[in-house]
Amino acid sequence: MHAQLSDKKLVCQEFIEALEKCHANGWTKFLGACNQNKDDLNHCLRTERLARTKVNSEKAKARRVKTDQALEEFRAL
């Protein structure tokens, strides 16, 4: 399952629109005709999430270093 898709997520918009268009064609979603569109959307969302996770991890490491430095300065007093 992927997160709720909304207009705020413009990263994978073309994949979202392709899947919605496929699902609008009646029985195609039940017959597996939309599977490739779904796989493409999942790949796009995963790639975007991994990039966001990497950025957040780097920010957290920088905050941790800053916190450790402040703690060392406090202990030196």
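Where does F30 lie in relation to helix 1 and helix 2? F30 sits in the loop between these two helices, and that loop is a handy place to begin a walk through this predicted model. With a relative accessible area of 58%, F30 is exposed, since the cut-off for that label is over 50%. F30 also has company: together with W27 and L31, this residue makes a nonpolar surface patch of about 460 Å².

From the loop, let us move on to helix 2. This helix covers residues 35-76, 42 residues in total. You can check its geometry yourself: at 1.5 Å a residue, helix 2 should span 62 Å, and because its end C-alpha atoms are 61 Å apart, the expected and modelled values agree.

Which residues of helix 2 are buried? They are L41, C44, L45 and E48. Part of the cover over these buried residues comes from helix 1, which runs over residues 13-23.

Keep E48 in mind, as this residue leads us to the salt bridges. How many salt bridges does the structure hold? There are three, and we can take them in order along the chain.

The bridge at E48 has R52 as its partner, with the closest N and O atoms 2.7 Å apart. Both residues belong to helix 2 and are four residues apart, about one turn of the helix. While E48 is among the buried residues of helix 2, R52 counts as partly exposed because its relative accessibility is 37%.

Further along, R64 pairs with D68, and here the closest N and O atoms are 3.5 Å apart. Because R64 and D68 are four residues apart in helix 2, about one helical turn separates them. R64 counts as exposed, as its relative accessibility is 52%, whereas D68, at 33%, counts as partly exposed.

The remaining bridge joins the side chains of R75 and E72, at 3.8 Å from N to O. That distance qualifies because the cut-off for a salt bridge is within 4 Å. R75 and E72 lie in helix 2 as well, three residues apart, again about one turn of the helix. With 58% relative accessibility, R75 counts as exposed.

Why do spacings of three or four places suit such pairs? An α-helix has 3.6 residues a turn, so residues three or four places apart point the same way. The pairs we have just met fit that picture: R52 and E48 are four residues apart, R64 and D68 are also four apart, and R75 and E72 are three apart.

Conventions: Residues are numbered from 1 along each chain as its sequence is written. This is a predicted model: local features need pLDDT of at least 70, side-chain atom pairs count only at pLDDT 80 or more; totals for chains, interfaces and linings use all residues. Side-chain values use heavy atoms; hydrogens and water are left out. The expected span of a helix is 1.5 Å times one less than its number of residues. Buried means under 20% relative accessible area, exposed over 50%, partly exposed in between (1.4 Å probe, protein chains only). Contact means heavy atoms within 4.5 Å. Patches are made of residues with over 30% relative accessible area and no salt bridge: like charges are joined within 9 Å, nonpolar side chains (Val, Leu, Ile, Met, Phe, Trp, Tyr) within 5 Å. Accessible areas come from the Shrake-Rupley method with a 1.4 Å probe; for residues, only the protein chains shown count as cover.
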